[in-house]
Amino acid sequence: PMQPQQYLTSHDTTIMTMKTILSLGLAAMATMATMASADTQIAVIEFSPNGKQTVHRSTSPSNTSTPAGVASFWNVMHRRTKRSVQHAGMSVVPDMFHKADAGIVVGIRGNGADLAAMPTAGALLGGSSEDVVGTIRVAGQAGRELLSRASKGIESVSDKEAYGEALSSTAEKAARGLEGLEAVSLDVESAAAAAEADAQLGRMLEALKKQAARNGKSVVVHLVVEEEEGAARRKLQADSSAADSSESETPRRRLQEDENNGENQNNNNNNNNGNGQSYAYGYKSMVEIQNFNVIFWTALGLVALVFMVLSYFASMPLMPDTLLFGETAKMMSD
């Protein structure tokens, strides 16, 4: 028979083990919930028929940013009279010499915001469209804050029948060339509303592209999509299933694919460095450009001043010293 002390020790050990397992389970659930939290994604789309790009992709290895960073990019990009500096390390930067003629922010958010029901928005955020310059990702559901930073009097439309009219009205306002940003927010609460918003978004982009080509003006559209948490969780589960199915590949095939991808990447880098037409070249930040200009022109001015002073000294006429000459003549006469 088991002794009472031994029974208490086994019982305590069992309880402690169950508590440990429960704690690990809760920690794993919290981690999964954090990983499945929805992020806010931004696609920067440019229609520039004259070939003069007003926004470029930087060499930053990450496309993550904050609402303040995105707002700084918008201020430098579209608000000419407002002095501001863009945050460093962003994936897209505005051009120093060319400014966009129009800027539009289109926000899609709500309980029905699911990229699975929005193929146009999904393709733009995935970077598969040729008109997409770059993408930005902001952690968490930051759509409301981003849209409020884009425009104080932003128009929010929840009726899916009015999506097309709201987008057309916003595009017409931006086409007038007014300074700043025109913004509109589409609140989707169902899959049908998300599909309608996506369809109207595609029509607006096609109309803007044709209008930009006809008028010869550059238009930049910032698409802000805030997915619901359920959509992000479903996407994470789908990615996990795809990862499990891909584990059946043989190591030899996987190694061969990695080698091919590395060779293609090296060839692309060589081509981009050779012809200079790639968007992913290094752009200096506005602070670095200002510091370089100040230091360069100050040094150049000091060097010019030194040469000017030396030239004056070299060309100065030599005149006899009257005081010394007079004393010398007196001594000679004596």
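**Group meeting: strand 1, helix 6 and the nonpolar cores**

Good morning. In this protein, 82% of the contacts with a separation of 6 or more are between residues 24 or more positions apart. The model I am presenting is a predicted one. The protein has 334 residues, of which 32% are buried, and its secondary structure comprises 10 helices and nine strands. About 21,000 Å² of the protein is exposed, with 57% of that area supplied by carbon and sulfur atoms.

Let me begin with strand 1, residues 40-47. How many of its eight residues are buried? Eight of the eight are, so strand 1 is largely enclosed by the rest of the structure. In a regular strand, side chains alternate between the two faces of the sheet. Here both faces are covered: one side carries Thr 40, Ile 42, Val 44 and Glu 46, the other Gln 41, Ala 43, Ile 45 and Phe 47, and all of these are buried.

Strand 1 has two pairing partners to discuss. With strand 6, residues 132-138, strand 1 runs antiparallel and is joined by six bridges; Ala 43 stands opposite Thr 135 there. With strand 9, residues 219-226, the pairing is again antiparallel, over eight bridges, and Phe 47 has Val 219 as its bridge partner.

I turn now to helix 6, residues 191-215. At 1.5 Å a residue, its 25 residues should span 36 Å, and the end C-alpha atoms are indeed 36 Å apart, so expectation and model agree. The buried residues of helix 6 include Ala 194, Ala 197, Leu 201, Met 204, Leu 205 and Leu 208, as well as the polar-named Asp 198 and Gln 200. Just after the helix, Gly 216 adopts a positive phi of about 70°.

Which residues touch the most other members of the largest nonpolar core? In this core of 35 residues, they are Val 106, Leu 201, Met 204, Val 221 and Leu 223. At least two core residues come from each of strand 1, strand 5, helix 3, helix 5, strand 8, helix 6 and strand 9. Helix 6 gives the largest share, eight residues.

Val 106 illustrates how these elements meet. Beyond its neighbours within four places in sequence, Val 106 contacts Leu 167, Val 184, Leu 201, Met 204, Val 221, His 222, Leu 223 and Val 224. Apart from this core lies another, of 22 residues, including Ala 100, Ile 136, Ala 142 and Leu 147.

Thank you for your attention.

Note on methods:
Residues are numbered from 1 along each chain as its sequence is written. This is a predicted model: local features need pLDDT of at least 70, side-chain atom pairs count only at pLDDT 80 or more; totals for chains, interfaces and linings use all residues. Side-chain values use heavy atoms; hydrogens and water are left out. Buried means under 20% relative accessible area, exposed over 50%, partly exposed in between (1.4 Å probe, protein chains only). Helices (H or I, at least four residues) and strands (E, at least two) are DSSP runs, numbered from the N terminus. Two strands pair if DSSP finds at least two bridges between them. Contact means heavy atoms within 4.5 Å. Accessible areas come from the Shrake-Rupley method with a 1.4 Å probe; for residues, only the protein chains shown count as cover. The expected span of a helix is 1.5 Å times one less than its number of residues. A nonpolar core is a set of buried Ala, Val, Leu, Ile, Met, Phe, Trp, Tyr and Cys residues joined through side-chain atoms within 4.5 Å.
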